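Biologist: Could you take me through this model step by step, with the terms explained as we meet them?

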Amino acid sequence: MSGDPGAVITSVETYALAVPLPRPLSDATARLTAWTVPVVEIRTADGRVGTGISGVHTGAELLTQVIDNHYAPVLLGAGSEDIVGAWKRLYWLTTHWIGRAGAVHMALSMVDIALWDLAAQRAGLPLWRLLGGAPDPIETYNTDGGWLNLGIDEVIRDLGALADQGWRRLKVKIGKADWRVDAARVRAVRQAVGPDLTLMCDANQRWDLHTATRMLPVLAEAGMDWFEEPVHADDVLAHQRLQTAGSVDIAAGESLYSYHAFTNFIAADALRVIQVDVTRVGGVTEWTQIARHAAAAGLRVVPHAGDMMQVHQHLAGTFLSETPPLLEFIPWTQHAFVHRSVVRDGYAHRPQEPGASTAVAATARERWQVPGVGATAAIRQARRTGRAAVAG
Ligand code: MG
């Protein structure tokens with residue numbers, strides 16, 4: 001191995017937080033009372049700690065076990081600077097057979113984010129600056145006012161409150177069993193908030209092509225900026241037909257796991273808004289490749305906030321595009337991190353601290369760590385905690 005001896009990986013630790021939500025929330029697929037954040041901390045010989053995160057509804061232990069049992073033995077003793085090399089080695093382990101998408105790939109993302117966090121720390125720069133981004137504040141849109149379990153009156157009240165706080169772009173969840181209920185909801189919300197606010201809607205994959213097609217004129221009339229995950233995430237042809245049939249931009253990407261999946265949608269002209277999520281694809285490395293490809297095709301890149309924006313606030317605006325960057329803001333886990341994201345009047349201000357803003361606050365771990373999830377593997381004196389067995 002060549003490279004800086006201080007950059008050698010000496011330990012890999014995993015755990016998870018379950019951060020309680022202020023109120024129970026639903027979309028068309030899930031009811032949530034907490035947001036679970038699997039975490040990996042990768043230490044190097046020079047004493048630095050790189051932190052990678054994910055965001056899941058359930059199954060945090062599936063991600064941490066992939067890291068503990070399969071990735072950690074490969075990482076220990078290796079240099080942390082060869083990020084692409086590490087990505088390829090981990091991607092092509094035998095775990096590829098059971099998870100080139102899903103939990104295995106999300107675990108790879110956690111490691112990749114941790115290695116980029118380390119790289120930015122070693123450079124003494126916030127990650128966005130290491131990637132060449134501009135320092136300007138980035139507009140955000142707010143998803144936290146339009147949940148599907150809220151009645152129309154509650155949605156209208158919450159969206160009004162967010163508009164008063166400075167947000168000009170707001171999302172409304174749809175996807176009920178009867179599309180006519182959603183049509184009435186969309187019309188009522190638009191009438192209440194007026195014509196100036198930008199609205200987008202999200203069906204979380206719960207409709208078939210026929211139902212989604214019937215909603216297109218309703219959404220166009222309501223001036224929806226985009227129609228998100230109208231049908232099953234893998235159905236390229238259905239997205240293509242919807243994009244061709246109506247004037248509303250079709251958005252998707254939070255359920256796609258690879259550069260190749262995105263290239264299929266882009267080649268088919270099936271999407272206009274690319275919602276690539278750094279926790280779903282293979283971390284910063286694969287995110288930037290997808291974002292550049294999508295932007296080069298003239299598409300909007302608006303990341304899905306599986307990371308609650310902690311990492312995406314660094315990635316937005318680091319590639320060439322004529323579209324101003326936009327971020328999804330969901331404020332559930334800001335208080336779990338040492339360096340909280342800063343959003344004022346709807347705009348995210350770039351972090352100034354070196355790294356990727358993923359370091360977990362000690363108080364968050366004390367309060368919200370999930371018992372029995374995670375392990376530690378280290379060079380010399382391998383130490384075992386939790387239930388996963390890891391070779392040291
Ligand atoms: Mg969505």
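What follows is a set of questions and answers about the metal site, the cores and the largest pocket.

Modeller: This is a predicted model, in which local features need pLDDT of at least 70 and side-chain atom pairs count only at pLDDT 80 or more, while totals for chains, interfaces and linings use all residues. Residues are numbered from 1 along each chain as its sequence is written, and side-chain values use heavy atoms, with hydrogens and water left out.

Biologist: Which residues coordinate the magnesium ion?

Modeller: Donors are N, O and S atoms within 2.8 Å of the metal (3.2 Å for Na, K and Ca), and since water is not among the atoms, sites may look incomplete. Along the chain, the donors of the magnesium ion follow the spacing D-x25-E-x25-E. At 2.0 to 2.2 Å, the coordinating residues are Asp202 (OD), Glu228 (OE) and Glu254 (OE).

Biologist: How many residues apart in sequence are the parts that Asp202 and Glu228 tie together?

Modeller: Strands (E, at least two residues) and helices (H or I, at least four) are DSSP runs, numbered from the N terminus. Asp202 lies in strand S6 (residues 198-202) and Glu228 in strand S7 (residues 224-228), so the pair ties together parts whose separation in sequence is 26 residues.

Biologist: Is Asp202 buried or exposed?

Modeller: Buried means under 20% relative accessible area, exposed over 50%, and partly exposed in between, with a 1.4 Å probe and protein chains only. The relative accessible area of Asp202 is 0%, so Asp202 counts as buried.

Biologist: Where does the largest nonpolar core lie with respect to the domains?

Modeller: A nonpolar core is a set of buried Ala, Val, Leu, Ile, Met, Phe, Trp, Tyr and Cys residues joined through side-chain atoms within 4.5 Å. Of the 121 residues in the largest one, Tyr71, Phe227 and Ile274 touch the most other members, and its largest share, 12 residues, comes from helix H4 (residues 103-123). Domain bounds come from an automatic or database domain assignment. Both domain 1 (5-125 + 362-391) and domain 2 (128-349) give residues to this core, so it lies between them.

Biologist: Which element gives the largest share of the lining of the largest pocket?

Modeller: On a 1 Å grid over the protein atoms alone, a pocket is an open set of points where a 1.4 Å probe fits, with protein on both sides within 12 Å along at least five of seven lines, and lining residues have an atom within 4 Å of a point. Of the 49 residues that line the largest pocket, those closest to its centre are Gln205, Glu254, Ser255, Tyr257 and Arg280. The largest share of the lining, four residues, comes from H10.
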